[in-house]
Number of protein chains: 2
Amino acid sequence: MSQEVISIDARTGEPTGVVGVESSSDDVAAAGAAAASVAAEFEALQRDGRARVLRAIADSLDADRSTIVELADRESALGQPRLTGELNRTAYQLRLFADVLDEGSYLEATIDHAGETPMGPRPDLRRMLVPIGPVAVFGASNFPLAFSVAGGDTASALAAGCPVVIKAHPSHPATSVRVFDAMRAAAKSAGAPDGVVQLVHGVDAGRALVTNPAIRAVGFTGSLAGGRALFDLAASRPDPIPFYGELSSVNPLVVTPAAAAERPEQIGRGLIDSATLGVGQFCTKPGLAFIPTGAGGDALRDAAADQLSGKPPGVPLNTGISDAYATGLDRLRKTVTLVAEAQPQAADSTSDMRGALFETSLDDVAGVLEECFGPTTVLVRYDDEDALLERLRKLPGELTATIHASSDDPFAAKLDATLRNVVGRVIWNGYPTGVAVSWAMQHGGPWPATTSAHTSVGTTAIRRFLRPIAWQDAPQHVLPAELRDGPVTVPRRVDGRLVLPGQ
Amino acid sequence: MSQEVISIDARTGEPTGVVGVESSSDDVAAAGAAAASVAAEFEALQRDGRARVLRAIADSLDADRSTIVELADRESALGQPRLTGELNRTAYQLRLFADVLDEGSYLEATIDHAGETPMGPRPDLRRMLVPIGPVAVFGASNFPLAFSVAGGDTASALAAGCPVVIKAHPSHPATSVRVFDAMRAAAKSAGAPDGVVQLVHGVDAGRALVTNPAIRAVGFTGSLAGGRALFDLAASRPDPIPFYGELSSVNPLVVTPAAAAERPEQIGRGLIDSATLGVGQFCTKPGLAFIPTGAGGDALRDAAADQLSGKPPGVPLNTGISDAYATGLDRLRKTVTLVAEAQPQAADSTSDMRGALFETSLDDVAGVLEECFGPTTVLVRYDDEDALLERLRKLPGELTATIHASSDDPFAAKLDATLRNVVGRVIWNGYPTGVAVSWAMQHGGPWPATTSAHTSVGTTAIRRFLRPIAWQDAPQHVLPAELRDGPVTVPRRVDGRLVLPGQ
């Protein structure tokens, strides 16, 4: 008998209705087969056709905005302002990838004409990136819109030309279905084949997707344990496929002695605002803050403690998260010193997640390197800059590192030179939460931050779902339009030289 | 007691001397640590410094040409003309990657200035690719120069800015040491730190390299079984690393009925020349040729049989290859029909590899899809074009596919549309052996041809050994030179627009 998929009101914990049933292994097999069967038709839409599809999906989400935001708020408790912003981001991402298609650099179109070389005669060679094939996307709990059904992974995979099978996150199934229906209808109206987007439900369905023979790549955001299990599954296939997972990060933030002396209260408050944003449920939440011993660091800590105490508790995305948070806090309480704690809203709201600020010394940092998902951060006091650098050098891979420095701060450059080796993004005098969607963004870092040297945010996320092909001495008519002779609308490398359209 | 590394004369099978001893696990650990310790210094050489290193290595190989070619010929029996060409190719690759560094597009330098966006204010973001860290390179037996110690993987990793630890192939240890010594001395003289290139010997050392914590990526060319074992090892690390392996391919070649009618003898001879080149020891050897039934196909087969009978047998790179070839031929003899066989050179040269041509029907092709490394190919006769397309659609991933067509041949476009989905390179009216080193080359295809959507030949091979970083609101002085304000010598994307140097 099929397991029902139930929508839960995050604030009350009460079920609000049955959304559907978990997908069977046959359902997943059918989804994979359907995705494979429409891949060529979807690719044949060309860049302009796919850009039209992406923009139509963005428009449809905009048009259904009030219902989507309302459902997402009920299922996630993230609040209408945040979710309205997230819907804006979701639509923006889709339109930005349409711009990426229009611009066309992502194809890496390259032509080497036949001719003599120091190695002897060379044939005509023409290379570009093509869709990798059907992609599985796992919705993330903490971004029910921007990293879920129509989120960044789906947008970049569709832009690349890949059909997408989405595994809905069980925390927001009603939102998932609503967004999916809007997306499917829009894609169809814009000329995409039926089956270019599909939705499945259930943990077993997710595992079946990763091993489905039609699936050529996976996009995932989630926990280290869950991500590692799926990564291993993808790698153990008879034909291993890339698993693009974003798994775990404590996002170290370092305050130099000069910065701590210069603006301790500002940094202390900013740190807490960032660590508690979205109830601390961001993958870029600063989980460790290295601050100097002494008066500046003390003032920073006191400001942070004060700021934290005033934060209201938040409703978790689901009880799994609040349970894990409780376990994480217990671990921290036994290991390091509790500095401040937010007050409970009401005596009976036991599942709410209350902020907590901890403190330890550099010598004891090894015990707090595990991510604790939720509104907490640990201050790590250091008094020796070289010892700090030595310790930072040994951090596991991280999504981000943040440096707070004064304007003329010789230590800061050393920090940058050290931290850049363990992260994907170095932030100066700011906070890691808030990941801009743009051409230059990098969201990903060495393992376990992510499973590969790619980004899941920003325009180059499309690269994950493409693979190169070269044609040798092929007649013009079988080449993709972008590789044919004559003027084209995309930048190309011709005989080694980059040529812009119109040149 | 350490196992000696012995150089064998490939033609006589006799040992010619002890080259060294197999590396211990301590040796490998020390090599990893040394590579990690010089990574920052090597990166700090910048693009121009590393280009100097690559050109110095190329010059040193040119200067030592006669000895290197002589050793390689003794150990591989590939002959001086081929090996002279291969040394040219090796030096050419190194210089081409120096050009790639000079040009600088590979950095993907991207700047998004701070400003307002539809998503709200955006910080200043600057992104580019940086070295991934120390790389392990496995020398390949079948290219003792161009895909071995100073070959394509090493050249692209050094260009990327990564120290390299090379696992010497046991088939040509003396060549490996000679090339390594020239490379190390040249790198040092050009300003690279000691330890930027290192050499280890032995199967155990290779496995230890793949799991060494300092190693951040692996380049490998070899068998499916060996490659899969190392791939699994890389994926099972506590911190999995990318394993760029090139494993197996039968490189289907398809002749349309029109082409078979038009030039059967030419294609038949060309096919055999390609399949027996280098004693059939190329990863792009055409192992399956789909030719039509009927008179054209028969004439093609007869020309191929005639061409094969005249080919002298060749000396294998090592006895492992000739043993595997003998096993493969036995399997083929039991499965399909032997059409022609080359004659043995002399009664006693039992280890020489003799060419063999087989024939089967499309219905029986499932039995011959496994690569048989050596001078043999199987003709697969088809009489139904749709059945052929259906069968080609189900091929495993291949490095290449080749289409022979007439100038006005409607079936050929359908073949291209089908074959492009299973390969990395589609060749028209030519042969897959001979892989040009250029900007547009793609050498790699879906699993099991390669383990990832990357190339190991051509300029984009560098991408395997790079990872992206973004800086957010960072001061100019900590940014890499290519991301600073003002004119630079590399193409950059600035606020979404591609800008060439001087614009």
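Helices (H or I, at least four residues) and strands (E, at least two) are DSSP runs, numbered from the N terminus. You will need that for every exercise below.

The model is predicted, so local features need pLDDT of at least 70 and side-chain atom pairs count only at pLDDT 80 or more, while totals for chains, interfaces and linings use all residues. Residues are numbered from 1 along each chain as its sequence is written, and chains are lettered from A and ligands numbered from 1 in the order in which they are written.

**Exercise 1. Find the strand that holds Gly219(A), and describe the surroundings of Gly219(A).**

Step 1: Gly219(A) belongs to strand β10 of chain A, residues 217–221.

Step 2: Recall that a residue is buried if 20 or more other C-beta atoms lie within 10 Å of its own, exposed if 12 or fewer, and partly exposed in between, with C-beta atoms placed from the backbone. Gly219(A) has 29 other C-beta atoms within 10 Å, so Gly219(A) is buried.

Step 3: Two residues are in contact if their C-beta atoms, placed from the backbone, lie within 7 Å. Leaving aside neighbours within four places in sequence, the contacts of Gly219(A) are Val135(A), Val137(A), Phe138(A), Asp153(A), Ala157(A), Tyr244(A) and Ser456(A).

Step 4: Look at Val135(A) in particular. Val135(A) and Gly219(A) are 84 residues apart along the chain, and 7.5 Å separates their C-alpha atoms.

**Exercise 2. Follow helix α2(B) from its span to its buried residues and what covers them.**

Step 1: Helix α2 of chain B covers residues 46–63, which is 18 residues. The expected span of a helix is 1.5 Å times one less than its number of residues. From first C-alpha to last, α2(B) reaches 26 Å, close to the 26 Å expected.

Step 2: Pick out the buried residues: Arg47(B), Arg50(B), Ala51(B), Val53(B), Leu54(B), Ala56(B), Ile57(B), Ala58(B), Ser60(B) and Leu61(B).

Step 3: Their cover includes α3 (65–76), α4 (80–103), α5 (152–160) and α6 (173–189) of chain B.

**Exercise 3. How do α2(B) and α5(B) pack?**

Step 1: Axes are lines fitted to C-alpha atoms, for helices over the stretch in contact, and angles run from 0 to 180 degrees between N-to-C directions. For α2(B) and α5(B) the angle is about 155 degrees, and the axes are 9 Å apart.

Step 2: Angles under 35 degrees count as roughly parallel, over 145 as roughly antiparallel, 65 to 115 as roughly perpendicular and the rest as oblique. The two helices α2(B) and α5(B) are therefore roughly antiparallel.

Step 3: The contact uses Arg50(B), Val53(B) and Leu54(B) of α2(B), together with Ala155(B), Leu158(B) and Ala159(B) of α5(B).

Step 4: Ala, Val, Leu, Ile, Met, Phe, Trp, Tyr, Cys and Pro count as nonpolar, Asp, Glu, Lys and Arg as charged, and the others, Gly among them, as polar. In the contact of α2(B) with α5(B), 5 residues are nonpolar, none polar and 1 charged.

**Exercise 4. Do the same for α10(B) and α11(B).**

Step 1: Helix α10 (264–276) and helix α11 (295–309) of chain B pack at about 40 degrees, with axes 7 Å apart. That angle makes α10(B) oblique to α11(B).

Step 2: Residues in the contact include Ile267(B) and Leu271(B) of α10(B), and Ala299(B) and Leu300(B) of α11(B).

Step 3: By class, the contact of α10(B) with α11(B) has 9 nonpolar, 3 polar and 3 charged residues.

**Exercise 5. Look for unusual backbone angles.**

Step 1: Start with the general rule. Most residues other than glycine have a negative phi, and most peptide bonds are trans.

Step 2: The bond from Trp447(A) to Pro448(A) is cis, with omega near 5 degrees, and Pro448(A) sits in the loop between β18 (423–428) and β19 (466–472) of chain A. In chain B, a cis bond joins Trp447(B) and Pro448(B), with omega about 5 degrees.

Step 3: Val279(B), not a glycine, has a positive phi of about 55 degrees. Val279(B) lies in the loop between α10 and β13 (288–292) of chain B, and counts as buried with 29 C-beta neighbours inside 10 Å.

Step 4: Asp473(A) has phi near 55 degrees, also positive. Asp473(A) is partly exposed, with 15 other C-beta atoms within 10 Å.

**Exercise 6. How many residues of chain B are in contact with chain A?**

Step 1: Contacts join 58 residues of chain B to 59 residues of chain A.

Step 2: The largest share of the chain B side, 6 residues, comes from β19(B).

Step 3: By class, that side has 32 nonpolar, 14 polar and 12 charged residues.
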